[in-house]
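Grab a pencil and work through the exercises below, one after another. Try each task on your own before you read its solution.

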Amino acid sequence: MSDSDLALLNRFYRDGDTAAIEEFISRNREAAWRYAQVFTDADLAEDIVQIAIVRLLNAKPANGKVSNAIAWLRAIVYSVAIDQVRSESKRADRESGVVNDLNSIQKDMDLESTTMRTQLLEVIREEIGKLAPQFREPLIQRYFKGLSYLEIANTLQLKTNTVSTRLARGLHQLTLVLSQKGLLELSAPTNTSRQSGEGIVMPKLSQKTIELNRRLAERWHELWAVSNQGLGRFTSVCHEDGSASITWREDCPVGKSPRFHTEFPDQANERRWVENTICFTDATTMDWSRLTTQHGRVVDGTVESCEDYELVPSGNKLTISRNGEHRGSLQLEADGPIITNSLLPVVIREHRRVSNDQWPIRMLGLLPQESRESGGSDWALIPVFGRYAGQIGKPMSRGHLYEIGSETNVHMEITILTSSGGRLTGCFWEEEGYAVVDDEESARAAYLATQC
């Protein structure tokens, strides 16, 4: 019987077994190449895999071993792919065109100096990579890949006016950064408070906090969630400032046609989706600097509706934007982490497990259409409590029960399932929930099994 991928990888990291790593690479090279093509074309994907193999060989996993071989490989490929998208030399000609195309920037600066132009291009490369995903991706598609607004809309499943709004806001953020670096003199006063879509300047994080944020990201990276309703996925990113973003996306097919029982949710011609990304600045307190959420519906392969929200804490308020426009704010009353329903498992999974230890949570969610106040915010904060109610199930170590509710009435019991090693394996509440698997192939197979 041949060794598993995990056994091969750990033999290499533990014992320096070169034959084991050669076998692991041979087995998984093609899969890594296919995964790299999610971010770029086939030729560059091959370069990404070559670099990823080098990083794989030089990596130093925590405690000298890896707990999930494929997730580990994918995390390395992902890191290399992002680096290559930012700096890949084949884009040099197109990048020079970026400066010419960014009309809102070009008109305010003198590009006669070669040094100035080179410096500007380096800053653009760097700063676009730092933007939030909803702004970064349209800019990459537009200026690095040369796609039209319509092509970007189809690629990112957005409306063309949403693409236009995000490009404009992304350019605005670049303008602010360039001005702060002394490369651009703004022609008009600009609000530098960095609120809402412009972000906020965070204090420098301690090394301990950065390490905790990194571990948080590692625990939630590349986890697939399967339910009888749809297919979900957790991904994470560590940022240069030490913060960590976690994204949850779920796609669910809709309609009554028999084909919906065999299609994957994210490929169905008719589907709805939700995607939440939260940037944590402190993994211990669950403080965050930005939350973006997108939900929409695809009908006959075309995006029929899509709404984008961005929420940013600012002082004692939470400022809210929808589709790029300011929508109001919420007062941050009460205590405890602020979290959306779909990201609640992150908070309760990370909380220390002390039975009957009650802690506050502020649930953040959209109000129903008919409940919205005219001219007011679409969102509401509902103070609740969380309480670890102890271990359940057999074996006892695998089930952890949490209660979420108000002071007078428990509304929900949430069961977090973990493996003996502490890895998340499921999250369930009443008759709903999902099982967690480590790789895409297993997730898709499990989803098809629920449809039989």
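## Exercise 1: Strand partners

Gln358 has Arg387 as its bridge partner in S11. Before going on, note that this is a predicted model, in which local features need pLDDT of at least 70, side-chain atom pairs count only at pLDDT 80 or more, and totals for chains, interfaces and linings use all residues. Residues are numbered from 1 along each chain as its sequence is written, and side-chain values use heavy atoms, with hydrogens and water left out.

**Task.** Work out which strand holds Gln358, and how that strand pairs with S11.

**Solution.**
- Step 1: Gln358 sits in strand S10. Helices (H or I, at least four residues) and strands (E, at least two) are DSSP runs, numbered from the N terminus.
- Step 2: S10 pairs with strand S11 (residues 379-392) in the antiparallel sense, over nine bridges. Two strands count as paired if DSSP finds at least two bridges between them.
- Step 3: Look at Gly386 too: Gln358 is 28 residues from Gly386 in sequence, yet their C-alpha atoms are 5.7 Å apart in space.
- Step 4: Gln358 counts as partly exposed because its relative accessibility is 41%. The cut-offs are under 20% relative accessible area for buried, over 50% for exposed, and partly exposed in between (1.4 Å probe, protein chains only).

## Exercise 2: Around a crossover

**Task.** Strand S9 (residues 338-340) also joins S10 (residues 358-366): is the pairing parallel or antiparallel? Then find the handedness of the unit that S9, H12 and S10 make.

**Solution.**
- Step 1: S9 and S10 run parallel, joined by three bridges.
- Step 2: For one residue pair, take Ile339, whose bridge partner in S10 is Met363.
- Step 3: With H12 included, S9 and S10 make a right-handed β-α-β unit. Right-handed here means that, with the strands pointing away from the viewer, the path from the first strand over the helix to the second runs clockwise.

## Exercise 3: Two faces of a helix

**Task.** Check the length of H11, then sort out which of its residues are buried and what they pack against.

**Solution.**
- Step 1: H11 covers residues 207-219, so 13 residues, and its first and last C-alpha atoms are 19 Å apart, close to the expected 18 Å. The expected span is 1.5 Å times one less than the number of residues.
- Step 2: The buried residues of H11 are Thr209, Asn213, Leu216 and Ala217. They share one side of H11 because they cover an arc of only 95° around the axis. That arc is taken from the directions from the helix axis to the C-beta atoms.
- Step 3: An α-helix has 3.6 residues a turn, so residues three or four places apart point the same way.
- Step 4: Gln207 and Lys208 are exposed, on the other side of H11.
- Step 5: The buried residues of H11 pack against strands S2 (231-238), S3 (244-253) and S4 (271-282), and against helix H12 (344-350). Contact means heavy atoms within 4.5 Å.

## Exercise 4: Rings that meet

**Task.** How many aromatic pairs does the structure hold, and what is the geometry of the pair formed by Trp248 and Tyr434?

**Solution.**
- Step 1: The structure holds nine aromatic pairs. Rings of Phe, Tyr and Trp (its six-membered ring) pair if their centres lie within 6.5 Å; planes under 30 degrees apart count as stacked, over 60 as edge-to-face and the rest as tilted.
- Step 2: Trp248 and Tyr434 are stacked, at 5.3 Å centre to centre with 25° between the planes.
- Step 3: This pair links distant parts of the chain, 186 residues apart: Trp248 is in strand S3 and Tyr434 in strand S15 (residues 432-437).
- Step 4: Trp248 is buried, with a relative accessible area of 3%, and Tyr434 is buried, at 6%.
- Step 5: Trp248 and Tyr434 belong to one aromatic cluster together with Trp220, Phe234 and Trp429.

## Exercise 5: Positive phi

**Task.** Where is Met286, and is Met286 buried or exposed? Do Glu222 as well: where is Glu222 found?

**Solution.**
- Step 1: S4 and S5 form a hairpin with four residues between them, and Met286 in the turn has a positive phi of about 65°. Met286 lies in the loop between S4 and S5.
- Step 2: Met286 is buried, with a relative accessible area of 5%.
- Step 3: S4 and strand S5 (residues 287-299) run antiparallel, joined by 11 bridges, and Glu275 stands opposite Gln294 in S5.
- Step 4: Glu222 is found in the loop between H11 and strand S1 (223-226). Glu222 is not a glycine, although its phi is positive, about 60°.
- Step 5: Glu222 counts as buried because its relative accessibility is 2%.
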